[in-house]
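User: Please take a close look at the largest pocket of this model. Then connect the pocket to the rest of the chain.

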Amino acid sequence: MGKNGVDGVYDADPATHPEAKKFDCLDYIDVINKHLSVMDTTAISLCMDNRIPIIVFNIETQGNILKAALGTVTGTTVGGKL
């Protein structure tokens, strides 16, 4: 999941909270329980039910789409390690 200007999932908005902590890897249920603003709850639930991993990365960084496809992008993986 490419995001504009954000390189992963954080515990708070990094634009307004410089102390926000970035997660390297999360379970689907953690995203739901912690109310993290990755995507809507229905989409997270569908990915969880179908075991579809989500890689959250900065789409504005040159080459990140290819890196995401290859599994080498720096970001946050939701649903386990790839």
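Analyst: The pocket comes next, then the parts of the chain around the topic, then the chain as a whole.

This is a predicted model, in which local features need pLDDT of at least 70, side-chain atom pairs count only at pLDDT 80 or more, and totals for chains, interfaces and linings use all residues. Residues are numbered from 1 along each chain as its sequence is written, and side-chain values use heavy atoms, with hydrogens and water left out.

The largest pocket holds about 250 Å³ of space. Its lining has 14 residues, and Tyr10, Ala12, Asp13, Pro14 and Ser37 are the closest to the pocket centre. A pocket here is an open set of points on a 1 Å grid over the protein atoms alone, where a 1.4 Å probe fits, with protein on both sides within 12 Å along at least five of seven lines; lining residues have an atom within 4 Å of a point. Grid points are joined across faces, edges and corners, and the volume is the space filled by probe spheres set on the points. By class, the lining divides into eight nonpolar, three polar and three charged residues. Nonpolar covers Ala, Val, Leu, Ile, Met, Phe, Trp, Tyr, Cys and Pro; charged covers Asp, Glu, Lys and Arg; the others, Gly among them, are polar.

Ala20 touches several of the names above. Leaving aside neighbours within four places in sequence, Ala20 is in contact (heavy atoms within 4.5 Å) with Tyr10, Asp11, Ala12, Asp13 and Pro14. Ala20 lies in the loop between β2 and β3 (22-23). Strands are DSSP runs of E, at least two residues; helices are runs of H or I, at least four; both are numbered from the N terminus. Ala20 is buried, at 15% relative accessible area. Buried means under 20%, exposed over 50%, and partly exposed in between, with a 1.4 Å probe and protein chains only.

Val9 comes next. Val9 sits in strand β2 (residues 9-10). Its relative accessibility is 4%, so Val9 counts as buried. Ala20 and Val9 are eleven residues apart in sequence, with their C-alpha atoms 9.7 Å apart. Val9 and Phe23 are 14 residues apart along the chain, and 5.7 Å separates their C-alpha atoms. Beyond its neighbours within four places, Val9 is in contact with Lys21, Lys22, Phe23, Leu26, Leu36, Val38, Val56 and Thr76.

Two loop residues deserve a backbone check. His35 lies in the loop between α1 (28-33) and α2 (41-49). Its phi is near 55 degrees, a positive value in a residue other than glycine. His35 is exposed, at 68% relative accessible area. Arg51 lies in the loop between α2 and β5 (54-58). Arg51 also has a positive phi, about 55 degrees, although it is not a glycine. Arg51 is exposed, at 73%. Arg51 and Gly79 are 28 residues apart in sequence and 7.3 Å apart in space, C-alpha to C-alpha.

Now the whole chain. The protein chain has three helices and six strands. Along the sequence, the order is β-β-β-β-α-α-β-α-β. Its radius of gyration is 12 Å, which agrees with the value near 12 Å for a compact globule of 82 residues. That radius is taken over C-alpha atoms, and the globule rule is 2.2 Å times the number of residues to the power 0.38. The C-alpha trace spans about 30 × 30 × 20 Å along its principal axes. Of the 82 residues, 30% count as buried. Among contacts between residues at least 6 apart in sequence, 56% join residues at least 24 apart. The accessible surface comes to about 5300 Å², with 52% belonging to carbon and sulfur atoms. Areas come from the Shrake-Rupley method with a 1.4 Å probe; for residues, only the protein chains shown count as cover.
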